[in-house]
Number of protein chains: 2
Amino acid sequence: MCDNYDPTKCQTVSEMLARLGDKWTVLVIMMLGDGPQRFSDLKRSVVGISQRMLTLTLRSLERDGIVERTVHPTVPPKVEYALTDLGRSFGEPIRALGGWVFTHHDRIQTARADFDRRNEVDAGNKLIKLG
Amino acid sequence: MCDNYDPTKCQTVSEMLARLGDKWTVLVIMMLGDGPQRFSDLKRSVVGISQRMLTLTLRSLERDGIVERTVHPTVPPKVEYALTDLGRSFGEPIRALGGWVFTHHDRIQTARADFDRRNEVDAGNKLIKLG
DNA sequence: CTGCATCCTACCAGATACTG
DNA sequence: CAGTATCTGGTAGGATGCAG
């Protein structure tokens, strides 16, 4: 894909893919798709995420211009996160990918089951050979 | 996204995203997009990949039904890897994502530069405060 | 409430050496 | 040629404690 393109851009593609690959990024983006959210709201809705990971994830997304951070200098502090235009447009290809997995979910599952079954058989054969 | 859907499928979505996130999967899929390739061909074309990682990557993709493995029982051994139909169709959303990054590459880069610049300034302010 | 710093662990990529 | 087996360093990420 990157053969006849700017290698710098391919670098960025890899980076964004790696970003998507981590456990939390997509979940956070999806949550923010419903509208701006406070830090603790996100912490609650993205079940299982640690404070640290939420902070790190949001920082990365903010740096890439996907998410916008707004601090209300009140006490107690209130910080809101929202998708930028860029972030919203990023959601589209992500959803496309999610959609693909949904439609092909069954084929993937059966492929895995078949593979695992074959491997068990192979393991059995190996045992026979060894015995 | 997964709110009103089968949680099992969402699990699969996460898994596939994680798959995409790793360093080599997408590269391998792209290489195979040009047609079937032997193990050592892939090793050569996917620059920097180790034997071990190539094996692992191909096994995962084979398990998910993305890649098909054909052994020719000759000597020396010859093993060919090819995309399945599922694999080829998987390429589409991936390309869509790659395309998105390409088109928005500049915005991402400037967002990052801005963010980093702001942070340097902040760091400077902190130092002033501390001094 | 938000978020940084620190510590600690488990896991994984990479290198190397060996096998059919 | 196409793998497997084993070791090791680096890192992602959770838990905890402190601060503004």
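Author: A polar contact is a pair of N or O atoms within 3.5 Å. Keep that cut-off in mind as we look at this model, which is predicted.

Reader: What makes Val79(B) and DNA strand D a polar contact?

Author: A backbone N or O atom of Val79(B) lies 3.3 Å from a phosphate oxygen of DNA strand D. The limit is 3.5 Å, so this pair qualifies.

Reader: Which side chains of chain B can be put to that test with a phosphate oxygen of DNA strand D?

Author: Ser40(B) is one, with a polar side-chain atom 2.3 Å from such an oxygen. Tyr81(B) is another, and there the distance is 2.6 Å. Both values are within 3.5 Å, so both pairs are polar contacts. As for the elements that give two or more residues to the surface near DNA strand D, chain A has helix 4 (51-63), while chain B has helix 3 (39-45), helix 4 (51-63) and strand 3 (78-83). Helix 4 of chain B gives the most, with four residues.

Reader: How do you know that a residue is near DNA strand D?

Author: One of its heavy atoms has to lie within 4 Å of the strand. There are 19 residues around DNA strand D, and those that come nearest are Arg52(A), Met53(A), Ser40(B), Arg69(B) and Tyr81(B). Ser40(B) shows how the test works: its side-chain atom is 2.3 Å from a phosphate oxygen, so Ser40(B) is near the strand.

Reader: What part of DNA strand D do the atoms within 4 Å of the protein belong to?

Author: Sugar or phosphate accounts for 65% of them, and bases for the rest. On DNA strand C, the share for sugar or phosphate is 67%.

Reader: Why is the pair of Arg52(A) and a base oxygen of DNA strand C called a polar contact?

Author: An N or O atom in the side chain of Arg52(A) is 3.5 Å from that base oxygen. The definition asks for a pair within 3.5 Å, so the pair is counted. Two other pairs involve phosphate oxygens of DNA strand C. A polar side-chain atom of Arg69(A) lies 2.4 Å from one, and for an N or O atom in the side chain of Trp24(B) the distance is 3.2 Å.

Reader: Which residues are closest to DNA strand C, and which helix gives the largest share of the surface near it?

Author: Of the 18 residues that surround DNA strand C, the closest are Phe39(A), Ser40(A), Arg69(A), Tyr81(A) and Lys23(B). The largest share, four residues, comes from helix 4 of chain A. By class, the surface has eight nonpolar, four polar and six charged residues.

Reader: Now to the two chains. What makes Asp116(B) and Arg63(A) a salt bridge?

Author: Their side chains meet at 2.5 Å, N to O. A salt bridge needs a side-chain nitrogen of Lys or Arg within 4 Å of a carboxyl oxygen of Asp or Glu, so this pair fits. Between chain B and chain A the count is six salt bridges. There are also 14 residue pairs in polar contact between these chains, with both residues at pLDDT 80 or more. On the side of chain B that touches chain A, helix 5 of chain B has the largest share, 22 residues.

Reader: How many residues does each chain bring, and how much area is buried?

Author: The contact takes 44 residues from chain B and 44 residues from chain A. Together they bury about 4,400 Å², and 72% of that is on carbon and sulfur atoms.

Methods
Residues are numbered from 1 along each chain as its sequence is written. Chains are lettered from A and ligands numbered from 1 in the order in which they are written. This is a predicted model: local features need pLDDT of at least 70, side-chain atom pairs count only at pLDDT 80 or more; totals for chains, interfaces and linings use all residues. Side-chain values use heavy atoms; hydrogens and water are left out. A polar contact is a pair of N or O atoms within 3.5 Å; within protein, one must be able to donate a hydrogen and the other to accept it, and residues adjacent in sequence count only if both atoms are side-chain atoms. Ala, Val, Leu, Ile, Met, Phe, Trp, Tyr, Cys and Pro count as nonpolar, Asp, Glu, Lys and Arg as charged, and the others, Gly among them, as polar. Contact means heavy atoms within 4.5 Å. Buried area is the accessible area (1.4 Å probe) that two parts lose on being put together, summed over both.
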